[in-house]
Amino acid sequence: MKIGFGYDVHRLEPGLDLVLGGVNIPHEKGCVAHSDGDVLIHAICDALLGAANLGDIGKHFPDSDPAYKNISGTRLLQKTMQMINDRGYSIINIDTTICLQRPKLASYIERMKQHLSGLAETSAVSVKATTTERLGFVGREEGIAAYAIVLLE
């Protein structure tokens, strides 16, 4: 068994899309990013790659490569899953936490879980959301963070 941990953060700015776990979330701010800025999927990709000892998301999908400009997190997770599957690994579970002051995400969690479960080929996907009680860059609504941990066999 192999365990992996992932973390991602993006700045929030008005007028951009907010995509989390492959789901569009209506909000006045979205993520500044080379890709679609899906911090949840980026954290999951990092956790998967780390567990398989394959480096990190930047190694495989660098933001300096125009091929990844505006690429969806969904596509990055598909590519990551191919690398994981090619090495004979399967996912036992994925546990994630999104840190965002606003908007509240409770009504989107189940859609995120369903989307991620389909991509990761497992129903053992947990998505949680929390605020930082108005502390730090998340609390000031300047950015968003996501954490992920995965277990592979």
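Patches here are made of residues with over 30% relative accessible area and no salt bridge, where like charges are joined within 9 Å and nonpolar side chains (Val, Leu, Ile, Met, Phe, Trp, Tyr) within 5 Å. Accessible areas come from the Shrake-Rupley method with a 1.4 Å probe, and for residues only the protein chains shown count as cover. The structure is a predicted model, in which local features need pLDDT of at least 70, side-chain atom pairs count only at pLDDT 80 or more, and totals for chains, interfaces and linings use all residues. Residues are numbered from 1 along each chain as its sequence is written, and side-chain values use heavy atoms, with hydrogens and water left out.

## A nonpolar patch

Let us start on the surface. Ile-3, Phe-5, Tyr-7, Val-9, Phe-137, Tyr-147 and Ile-149 make a nonpolar patch of about 630 Å². Strand E1 (2-14) and strand E7 (143-152) are the elements that give it two or more residues. Helices (H or I, at least four residues) and strands (E, at least two) are DSSP runs, numbered from the N terminus. E1 supplies the largest share of the patch, 4 residues.

Phe-5 is a good residue to look at, as it lies in strand E1. Phe-5 is exposed because its relative accessible area is 52%. For these labels, buried means under 20% relative accessible area, exposed over 50%, and partly exposed in between (1.4 Å probe, protein chains only).

## Helices side by side

Two packed helices are described by the angle between their axes and the distance between the axes. Axes are lines fitted to C-alpha atoms, for helices over the stretch in contact, and angles run from 0 to 180 degrees between N-to-C directions. Helix H1 (residues 39-51) and helix H3 (residues 73-86) pack at about 10 degrees, with axes 9 Å apart. H1 and H3 are therefore roughly parallel to each other. Angles under 35 degrees count as roughly parallel, over 145 as roughly antiparallel, 65 to 115 as roughly perpendicular and the rest as oblique.

On the H1 side, the residues that meet H3 include Ile-41, Ile-44, Cys-45 and Leu-48. Their partners in H3 include Gly-73, Thr-74, Leu-77 and Met-81. Contact means heavy atoms within 4.5 Å.

H3 also packs with H4: their axes come within 9 Å and cross at roughly 30 degrees. Thr-74, Leu-77, Gln-78 and Met-81 of H3 make this contact with His-115, Leu-116, Leu-119 and Ala-120 of H4. Thr-74 sits in helix H3 and is buried, with a relative accessible area of 17%. Not counting residues up to four places away in sequence, Thr-74 touches Gly-22, Ile-41, His-115 and Leu-119.

## Loops worth a look

Pro-103 lies in the loop between strand E5 (91-99) and helix H4 (109-120). The peptide bond leading to Pro-103 from Arg-102 is cis, with omega near 0 degrees. Pro-103 is buried, with a relative accessible area of 16%. Leaving aside neighbours within four places in sequence, Pro-103 is in contact with Leu-18, Ile-25, Pro-26 and His-27. Although Pro-103 and Ile-25 are 78 residues apart along the chain, their C-alpha atoms are separated by 8.5 Å.

Two other loop residues have a positive phi. Asn-53, between H1 and helix H2 (57-60), has phi near 60 degrees and is exposed at 70% relative accessibility. Glu-133, between strand E6 (125-130) and helix H5 (136-139), has phi near 55 degrees and is exposed at 64%.

## Salt bridges

Side chains of opposite charge can pair when their charged atoms come close. The structure holds 6 salt bridges, each a side-chain nitrogen of Lys or Arg within 4 Å of a carboxyl oxygen of Asp or Glu. Among them are these three:

| Acidic residue | Basic residue | Closest N to O distance |
|---|---|---|
| Glu-28 | Arg-102 | 2.4 Å |
| Asp-95 | Lys-128 | 2.5 Å |
| Glu-141 | Arg-134 | 3.3 Å |

Glu-28 is in the loop between strand E3 (23-25) and strand E4 (29-31) and Arg-102 in the loop between E5 and H4, so this pair ties together parts 74 residues apart in sequence. Glu-28 is partly exposed at 42% relative accessibility, as is Arg-102 at 33%.

Asp-95 is partly exposed at 28%, and Lys-128 is partly exposed at 34%. In the remaining pair of the table, Glu-141 is buried at 13%, whereas Arg-134 is exposed at 52%. Glu-28, Arg-102, Arg-134 and Glu-141 are linked in a network of salt bridges.
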